[in-house]
Each structure stands twice: as C-alpha cells, then as structure tokens.
Amino acid sequence: MTEQNNIQIDNLISQNDAIELASDILYEVELLKKFDKGKTSTQCVASCARMLHDKGCADNDLFSRSACRSGCSHCCCLFVCVTPGEGELIAKDIKKLPSKMYDRVVSRLKRNAEIEAEGIDEYTRKKAWCAFLDRDTKQCVIYNNRPLSCRNYNSEDVEMCKAAVGNLDGETPRTAMLFYLHQVITAALQIVYRHIGVNYEIQTPLHKSVLSALYPSKGKWS
Ligand code: SF4
Ligand code: SF4
C-alpha cells in the first residue's frame with residue numbers, strides 16, 4: 001500500500017461507520033458478558049471486535065481478493081501487537097495444548113519476548129518466527145484465536161511479502177477494502193475502550209502479552 005493510497009483511504013474513513021461499529025461492539029459485549037462470566041470486559045471487547053471483523057470479511061468476500069492462503073506464512077515473523085484482553089484470550093487457549101507443544105510454545109514465547117524488548121527494527125531484522133507458527137505445517141496453532149492485527153494483515157502479492165521479510169523498508173500491497181475495515185475497527189475500538197475507561201494506546205507486543213497472562217506474578221513479563 002503506497003503512502004498516497006494510505007492518505008486517500010484515511011480520508012475516506014467515515015466517523016459514522018466507526019461510531020456504528022463501536023455501538024455494535026458494545027451491544028455484543030453485553031451479550032457475551034451474560035453468557036461467558038469468565039471473560040473480563042477487555043477480553044469481551046477483543047472477542048467481539050474479532051467476530052465483527054471476521055463477519056465483515058465473510059459478508060463482503062474480502063479475503064478472496066487477497067493472495068493470502070492457508071499455509072502461507074511469510075508474514076508470521078512480523079512484529080505483532082495485541083489489543084487489551086487478547087493476551088489473556090490466547091493464554092487460555094494455549095493452556096489446552098498437549099504438554100510437549102505447550103513447553104515448545106512457552107520456550108519460543110520467552111525467546112521472542114526478549115527480541116521484542118529490543119524494539120521493532122531489531123525484531124524485523126532478526127526474522128523471529130512467531131511462537132505460534134508450526135514451522136513444519138506452516139499453520140498457526142492458535143488460528144481461531146489469532147490477534148486482530150493478524151486477521152487484518154493481508155496482501156495482494158505474495159512475492160512482495162517474501163521480499164519484505166526482514167526488510168525494514170519492505171511494503172506489501174494491502175487489499176483496499178480490508179485496509180478500510182481495519183481502519184474503521186481501530187477507530188471503533190478507540191471509542192469503545194474510552195467508553196469503558198481503558199487506554200487503547202497501550203498496545204503490548206504479542207509474546208510479552210501472552211507471557212504476562214500466563215505468569216501474572218512474574219514481574220519480568222508484566
Ligand atoms: S500477507 Fe503475504 S505472506 Fe501473509 S498470508 Fe498473505 S500473502 Fe501470505
Ligand atoms: S499469531 Fe498466528 S497468524 Fe499471527 S503471526 Fe503468529 S502464527 Fe502468524
């Protein structure tokens with residue numbers, strides 16, 4: 001996506017779309033809280049935002065227009081941030097993994113959290129494969145529970161993705177409608193988190209966030 005396209009799409013974002021989506025999220029959050037008492041408000045918001053994102057993609061057949069396919073994972077070494085509540089949602093999921101796989105994932109989480117702490121440029125340079133990517137099958141082991149930012153990431157050209165891996169200036173051409181959906185969801189989340197008193201600016205890196213949720217008493221990861 002070129003700088004010019006970004007600016008054009010930014011200008012197209014309708015505040016009304018964001019407000020409408022924010023009210024849909026808040027409505028779904030209330031329903032979810034009634035049926036899943038184990039979830040915190042931030043976890044409910046994250047779940048609802050993901051659900052509405054997936055619905056928007058399915059209703060408009062958005063992913064059929066991108067080059068993304070099952071087993072394509074060149075982008076799974078990018079620096080990923082999560083919204084509040086997503087680290088906890090993922091931590092709950094990986095506790096259900098078979099013990100051998102759980103140990104492998106936790107060991108990779110620790111390694112990648114150390115690299116995340118070095119900053120996004122260093123992370124990009126080191127091409128740290130995501131802790132949740134099964135390198136043999138090229139599948140995401142938390143696919144149904146992957147972060148919103150992974151759901152939003154897409155490209156129209158896999159060759160450009162390959163060239164962008166480890167390249168600080170690398171760009172991938174993102175599908176315009178998906179990019180728009182991402183922008184509206186981000187704007188809606190800002191409204192929702194402000195409404196429930198959570199600072200959305202604090203976006204935590206993926207690996208650190210999941211470790212913090214797995215080991216809340218260990219200050220190192222919090
Ligand atoms: S963004 Fe690129 S590398 Fe990632 S799944 Fe889509 S085409 Fe493959
Ligand atoms: S969470 Fe899954 S989709 Fe996201 S970067 Fe990791 S392996 Fe890829």
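**Figure 1. Buried face of helix H9 in the predicted model.** Buried residues of H9 are Leu-178, Leu-181, His-182, Val-184, Ile-185, Ala-188, Leu-189, Val-192 and Tyr-193. The model shown here and in the other views is predicted. Residues three or four places apart on an α-helix point the same way, because there are 3.6 residues a turn. H9 runs over residues 176–195, 20 residues in total. From first C-alpha to last, H9 reaches 29 Å, close to the 28 Å expected at 1.5 Å a residue. Its buried residues pack against three helices: H2 (15–35), H3 (41–59) and H7 (148–152). Just after H9, Gly-197 has a positive phi of about 75°.

**Figure 2. The largest nonpolar core.** This core has 39 residues. Ile-25, Val-45, Ala-49 and Ala-188 have the most contacts inside it. At least two core residues come from each of H2, H3, H4 (86–94), H5 (99–116), H7, H9 and H10 (206–214). H9 gives the most, with eight residues.

**Figure 3. Contacts of Ile-25.** Neighbours within four places in sequence are left aside. Ile-25 is then in contact with Val-45, Cys-48, Ala-49 and Leu-52. Ala-188 and Val-192 are also in contact with Ile-25. Both of these residues are buried in H9.

**Figure 4. Surroundings of ligand 1.** The shell includes four cysteines: Cys-68, Cys-72, Cys-75 and Cys-161. His-74 also lies around ligand 1, as do Ala-67 and Val-158. Tyr-153, Asn-154 and Ser-155 are consecutive members of the shell. Thr-172 completes the list. By class, seven residues are nonpolar, four are polar and none is charged.

**Figure 5. Surroundings of ligand 2.** Here the shell includes Cys-76, Cys-130, Cys-140 and Cys-150. Val-80, Phe-132, Leu-133, Ile-142 and Pro-147 are also around ligand 2. Arg-146 is another member of this shell. The count by class is nine nonpolar, no polar and one charged.

**Figure 6. Glu-156 and its contacts.** Glu-156 sits in the loop between H7 and helix H8 (158–164). Glu-156 counts as partly exposed because it has 17 C-beta neighbours inside 10 Å, and the partly exposed class lies between 12 or fewer for exposed and 20 or more for buried. Not counting residues up to four places away in sequence, Glu-156 touches Ser-66, Ala-67, Pro-173 and Thr-175. Ser-66 is 90 residues away in sequence, yet the two C-alpha atoms are 4.6 Å apart. Ala-67, another contact of Glu-156, is also one of the residues around ligand 1.

**Figure 7. Positive phi at Asp-61 and Lys-127.** Most residues other than glycine have a negative phi. Asp-61 has a positive phi, near 55°. Asp-61 lies in the loop between H3 and strand E1 (81–82). Asp-61 counts as exposed because it has 9 C-beta neighbours inside 10 Å. For Lys-127, which is not a glycine either, phi is about 45°. Lys-127 is in the loop between helix H6 (120–126) and strand E2 (133–134). With 12 other C-beta atoms within 10 Å, Lys-127 is exposed.

**Figure 8. Confidence along the chain and in residues 1–11.** The chain averages a pLDDT of 87, and 91% of the residues score at least 70. Over residues 1–11 the pLDDT is below 50. Beyond near neighbours in sequence, this stretch has 10 contacts in the model. Where pLDDT is low, predicted coordinates should not be read in detail.

How values were computed
Residues numbered from 1 in each chain as written. Chains lettered and ligands numbered in written order. Predicted model: local features only at pLDDT ≥ 70, side-chain atom pairs only at ≥ 80, totals over all residues. Near = placed C-beta within 6 Å. Nonpolar A, V, L, I, M, F, W, Y, C, P; charged D, E, K, R; others polar. Helix = DSSP H or I, 4+ residues; strand = E, 2+ residues; numbered from the N terminus. Expected span 1.5 Å × (residues − 1). Contact = placed C-beta atoms within 7 Å. pLDDT = per-residue confidence, 0-100. Core = buried A, V, L, I, M, F, W, Y, C linked by C-beta atoms within 7 Å.
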